[in-house]
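Me: I'm new to reading protein models and would love a close look at one small part. Could you take me through it slowly and connect it to its surroundings?

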Amino acid sequence: MLAVSWRVLILLFVSGSLYAQDSLVQYQNKAVTLKEVVVRNNLNVHAFIERIKNDTTFYKAFRNLKVLGYTSLNDIRMLGKKEQVTASLYSRTRQHVNNGCRYTQVLEERTSGDFYDKHHQYNYYTAGMYAGLFFAADTICGETNIVKNAGFSTQGKSGLAKHKEQLKMLFFNPGKKIPGIPFIGNKVALFDEDVAERYDFTIDMEAFKGEMCYVFSCKPRADLPEGEKDKIVVNNMTTWFRIDTWEIVARNYDLSYNAGVYDFDVRMEVELTKFGNYLVPKLLRYNGNWDVVMKKRERSVFTATLFDFSQSE
């Protein structure tokens, strides 16, 4: 009798596992899918999504690079139509910080093709953008890692400076409107009601490199009407969060759009780590294809690997 009872219990357990249902919760008129494991973990969904909407920790992690020393391995490759490498840079650099100032020391560098022009300036827009994130060509002083009141603005900027600011908005503030980019600005405001209705939001739990995390993913609805598909910019955005602190562990993007006068297809992967109390990026991978009227199409891949952080030298 006892053996039979255990068989029944095991059967009930297996059946419940096989047929466990995902749950739907409403967040500001938007249905969010909760995987069964999240339901059992009693996540405060409203607070969690509000945290995602208003998150500054991702931006803060990159701002921390302005006040810390670190070593960077830089691998940038510009590609031709057949994906062959046409120009490249591999370097090892060290950012030194002292008395509120920072500068980049090039420890090792190899280039190929026309990566630099005759004045040793970057021949490629992508390379210039990379340098703006990770290199300080001259000594820079007076910067801080404070996020408050350090928001992005294109006001008073033009040309490359304006494009850099717009890219930062797209990169550090996913889900927010981007002013100044024709045809696209409001299409990436993922949490605005008229944009959110085109996407499925899902919260799950899974291990990321051995650490159990909450996972928030945003993907276009599979049943999206044909006429709505040309309004999609974010093909996938997945973010891994620490369960106890809700700090971001990693984020992946897949973005594409064709506006006629420009088009892009970009994938990015970012991993973060802790250095003392500082959250910092440790790995950034990029695979992108850009084309803007009056400029040459750029296809490129790059990887930035950051390590050996320090507070002062």
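Leaving aside its neighbours within four places in sequence, which residues is L306 in contact with?

Reply: Happy to help! Before we start, this is a predicted model, where local features need pLDDT of at least 70, side-chain atom pairs count only at pLDDT 80 or more, and totals for chains, interfaces and linings use all residues. Residues are numbered from 1 along each chain as its sequence is written, and side-chain values use heavy atoms, with hydrogens and water left out.

Now to your residue. Once neighbours within four places in sequence are set aside, L306 is in contact with L65, Y70, T71, S72, F134, P281 and K282; contact here means heavy atoms within 4.5 Å. L306 is buried, at a relative accessible area of 5%. Buried stands for under 20% relative accessible area, exposed for over 50%, and partly exposed for what lies in between, using a 1.4 Å probe and protein chains only. The C-alpha atom of L306 is 8.7 Å from that of L284, although the two residues are 22 residues apart along the chain.

L306 belongs to strand β13, which covers residues 298–310. Helices (H or I, at least four residues) and strands (E, at least two) are DSSP runs, numbered from the N terminus. Strand β13 pairs with strand β3 in the antiparallel sense over ten bridges; two strands pair if DSSP finds at least two bridges between them. Here one of the contacts comes back: T71, which touches L306, has F307 of β13 as its bridge partner.

Strand β3 (residues 69–79) is largely enclosed by the rest of the structure, because eight of its eleven residues are buried. It also pairs with strand β4 (residues 85–98), again antiparallel and over ten bridges. One such bridge joins I76 to L89 in β4. The hairpin of β3 and β4 has five residues between the strands, and E83 takes a positive phi near 70° there.

Another contact of L306 worth following is F134. F134 shares one aromatic cluster with Y130, F135, Y286 and F302. Altogether there are 19 aromatic pairs in the structure. Rings of Phe, Tyr and Trp (its six-membered ring) pair if their centres lie within 6.5 Å; planes under 30 degrees apart count as stacked, over 60 as edge-to-face and the rest as tilted.

F134 also appears in the largest nonpolar core, which has 66 residues; F48, F134, I203 and F216 are those with the most contacts inside it. A nonpolar core is a set of buried Ala, Val, Leu, Ile, Met, Phe, Trp, Tyr and Cys residues joined through side-chain atoms within 4.5 Å. Strand β11 (residues 262–275) gives this core its largest share, six residues. As for F216, its contacts, not counting residues up to four places away in sequence, include F48, I52, F191, I203 and M237. There is also a second, separate core of six residues, with V215, W240, V249 and A250 among them.

To recap your spot: L306 is a buried residue in strand β13, and β13 pairs with β3. From L306, the contact with F134 leads on to a residue with many partners, since F134 is listed among those with the most contacts inside the largest nonpolar core.
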